Amino acid sequence: MKLIYTGKTKDVFALENGNVLLKFKDDCTGKDGVFDPGENSVGLTIDGVGDVNLRMSIYFFEKINAAGIKTHYINANLDDTTMEVVPAKVFGKGLEVICRYKAVGSFFRRYSDYIEEGADLPAYVEMTFKNDEKGDPLVTKDGLVDLGVMTAKQYDDMKDMTQKITKIVADDLKEKGLDLYDIKFEFGYDQDGEVILIDEIASGNMRVYKNGEYIDPMTLSKLFFNN
């Protein structure tokens, strides 16, 4: 195995068979020793976080693959907290895709003149460039196409996949008495240029409530697997 990249929460290795191995770590983003998935630097280490993030990713990737939606997931090994995936390229220098069912967080801060906090949204999709210094700027479909980051078809495919995947996650959480407000994904494209879901699907990437109360990611992971 050859180390390709050392990330904040995962290390990435190249395998001899041409695939890629993701090694999940117990490092978490946060500040002053407090876990915060929105932070851009590692703030603390929590035993077992890598394991639970991998378990949730396996659970949802297998569901999504079974639904006929393309992901990078091949298999995983819980003993060494690794996931084998197909190689994929990111769009531009990295793109985050958010699907929103409720007007909360940064969406509400931007558009509070037009909507009440917590109001329903129709699986609203928005995309941001991954750029800490510029505050992850929003980008439109026209912007992505005109800047040469992706084709119009890739954008349409990504939006459609995002909404379908979000429904799979939200329906599953609903069965556990949990309400998904919004979720963040990353997509890339394979050697044929087809859009595929990459990275992970873990509690730190979603905003979830129970009976109107926000559930922090660590508590969510425990609730998810204890139900």
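Mentor: Let us start with a term: a residue is buried when its relative accessible area is under 20%. Keep in mind that this is a predicted model.

Trainee: Thanks! With that in hand, what makes strand E13 mostly covered?

Mentor: Look at residues 179–189, the span of E13: eight of its eleven residues are buried.

Trainee: Why is glutamate 186 called buried?

Mentor: Its relative accessible area is 14%. The cut-off for buried is under 20%, so glutamate 186 qualifies. This residue is found in strand E13.

Trainee: Which residues does glutamate 186 touch?

Mentor: Leaving aside residues up to four places away in sequence, glutamate 186 touches Leu95, Glu96, Lys130, Leu197, Ile198 and Asp199.

Trainee: What makes the link between the side chains of glutamate 186 and lysine 130 a polar contact?

Mentor: The side chains are joined at 2.9 Å. A polar contact needs N or O atoms within 3.5 Å, one able to donate a hydrogen and the other to accept it. The value of 2.9 Å falls within 3.5 Å, so the distance condition is met.

Trainee: How do you know that E13 and strand E9 pair?

Mentor: Pairing asks for at least two bridges. E9, residues 89–90, has two bridges to E13, so the condition is met, and the sense is antiparallel. In E13, tyrosine 189 is the bridge partner of lysine 89.

Trainee: And how do you know that strand E10 pairs with E13?

Mentor: The two are joined by five bridges, where at least two are needed, so they pair. E10 covers residues 95–102 and runs antiparallel to E13. Here glutamate 96 stands opposite glutamate 186 in E13.

Trainee: What about strands E14 and E15? How many bridges join E13 to E14, and how many join E13 to E15?

Mentor: E14 (residues 195–198) pairs with E13 over four bridges in the antiparallel sense. E15 (residues 206–210) is joined to E13 by four bridges, also antiparallel. Glutamate 186 has isoleucine 198 as its bridge partner in E14, while leucine 180 has valine 208 in E15.

Trainee: What lies between E13 and E14 in their hairpin?

Mentor: Five residues separate the two strands, and in the turn glycine 193 has a positive phi of about 80°.

Trainee: Let us move to the other sheet. Which strands form the open sheet, and in what order?

Mentor: Five strands, in the order E1-E2-E3-E8-E7, with antiparallel pairing.

Trainee: What makes E1 and E7 the edge strands?

Mentor: E1 (2–6) and E7 (73–77) each pair on one side only. On average, neighbouring strands of this sheet are turned by 25° against each other, direction ignored. E1 pairs with E2 (residues 10–14) over four bridges, and tyrosine 5 has valine 12 as its bridge partner in E2.

Trainee: Where does helix H1 lie?

Mentor: H1 (residues 49–66) lies across E3, E7 and E8, running at about 145° to E7.

Trainee: Why are H1 and helix H4 called oblique to each other?

Mentor: H1 and H4 (residues 152–175) pack at about 125°, with their axes 10 Å apart. Roughly perpendicular ends at 115 degrees and roughly antiparallel starts over 145, so about 125° is oblique. Their crossing is right-handed.

Trainee: Which residues meet where H1 and H4 pack?

Mentor: From H1 come Tyr59, Phe60, Lys63 and Ile64; they meet Ile165, Ile168, Val169 and Asp172 in H4.

Key:
Residues are numbered from 1 along each chain as its sequence is written. This is a predicted model: local features need pLDDT of at least 70, side-chain atom pairs count only at pLDDT 80 or more; totals for chains, interfaces and linings use all residues. Side-chain values use heavy atoms; hydrogens and water are left out. Buried means under 20% relative accessible area, exposed over 50%, partly exposed in between (1.4 Å probe, protein chains only). Contact means heavy atoms within 4.5 Å. Axes are lines fitted to C-alpha atoms, for helices over the stretch in contact, and angles run from 0 to 180 degrees between N-to-C directions. A crossing is left-handed if the near helix is turned anticlockwise from the far one by less than a right angle, and right-handed if clockwise.
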